Amino acid sequence: MRLNKAIIRSLAIVPLLGILALTGCSSSVLPETLEAKLASSPTVEDHLAAAMLYEKKARELDAEAVKYEAAASKIDPSEDPKGFQRGALTMAAEKKRPDAKGMQKLYALHFRQSNVLHGKVQPE
């Protein structure tokens with residue numbers, strides 16, 4: 001019976017490895033048309049649209065990190081004596097946090113650019 005539990009625990013890690021593979025931040029947050037507009041001659045609306053998309057992605061990444069942390073905290077040490085599952089979930093959460101922070105910075109950059117184009121803020 002002890003051997004069966006070890007096998008089941010080992011197999012339980014397989015989906016977690018898939019989660020870790022998918023935790024990378026997608027570079028395609030913006031649609032191609034918006035990226036093209038921002039590269040050529042962006043308008044206030046283009047920067048605001050980009051800012052809102054980056055803010056939305058930042059919130060999604062932060063929510064995923066919270067979800068992984070909650071899942072890790074719910075795993076009983078008796079279910080995961082070596083901590084592999086908790087470690088994988090914690091690592092996934094730790095990867096999401098900087099990605100969310102990066103998206104938040106892009107949001108701030110585009111929001112500021114929209115205000116510069118609109119004349120509300122002086123360019124630096």
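The accessible surface of this chain adds up to about 8,400 Å², and 60% of that belongs to carbon and sulfur atoms. Keep in mind that this is a predicted model. Of the 124 residues in the chain, 27% are buried.

As for the fold, you're looking at four helices and zero strands, so to speak an α-α-α-α pattern when you read along the sequence. Take the contacts between residues at least 6 apart in sequence: 71% of them join residues at least 24 apart.

One spot on the surface is worth a look. Leu-48, Met-52 and Phe-111 form a nonpolar patch there, and together they have about 230 Å² of accessible area. Phe-111 sits in helix α4, which covers residues 84-118.

Helix α4 also holds Tyr-107. Here is how these two aromatic residues come out:

| Residue | Relative accessible area | Class |
|---|---|---|
| Tyr-107 | 16% | buried |
| Phe-111 | 33% | partly exposed |

Why the two labels? Tyr-107 counts as buried because its relative accessible area of 16% is under the 20% cut-off. Phe-111, at 33%, is called partly exposed because that value falls between 20% and 50%.

So what does Tyr-107 touch, leaving aside its neighbours within four places in sequence? Tyr-107 is in contact with Ala-51, Met-52, Tyr-54 and Glu-55. Met-52, one of these partners, is also a member of the nonpolar patch with Leu-48 and Phe-111. Ala-51 is another of the partners: the C-alpha atoms of Tyr-107 and Ala-51 are separated by 4.3 Å, though the two residues are 56 apart along the chain.

Key
Residues are numbered from 1 along each chain as its sequence is written. This is a predicted model: local features need pLDDT of at least 70, side-chain atom pairs count only at pLDDT 80 or more; totals for chains, interfaces and linings use all residues. Side-chain values use heavy atoms; hydrogens and water are left out. Helices (H or I, at least four residues) and strands (E, at least two) are DSSP runs, numbered from the N terminus. Buried means under 20% relative accessible area, exposed over 50%, partly exposed in between (1.4 Å probe, protein chains only). Contact means heavy atoms within 4.5 Å. Accessible areas come from the Shrake-Rupley method with a 1.4 Å probe; for residues, only the protein chains shown count as cover. Patches are made of residues with over 30% relative accessible area and no salt bridge: like charges are joined within 9 Å, nonpolar side chains (Val, Leu, Ile, Met, Phe, Trp, Tyr) within 5 Å. A salt bridge is a side-chain nitrogen of Lys or Arg within 4 Å of a carboxyl oxygen of Asp or Glu.
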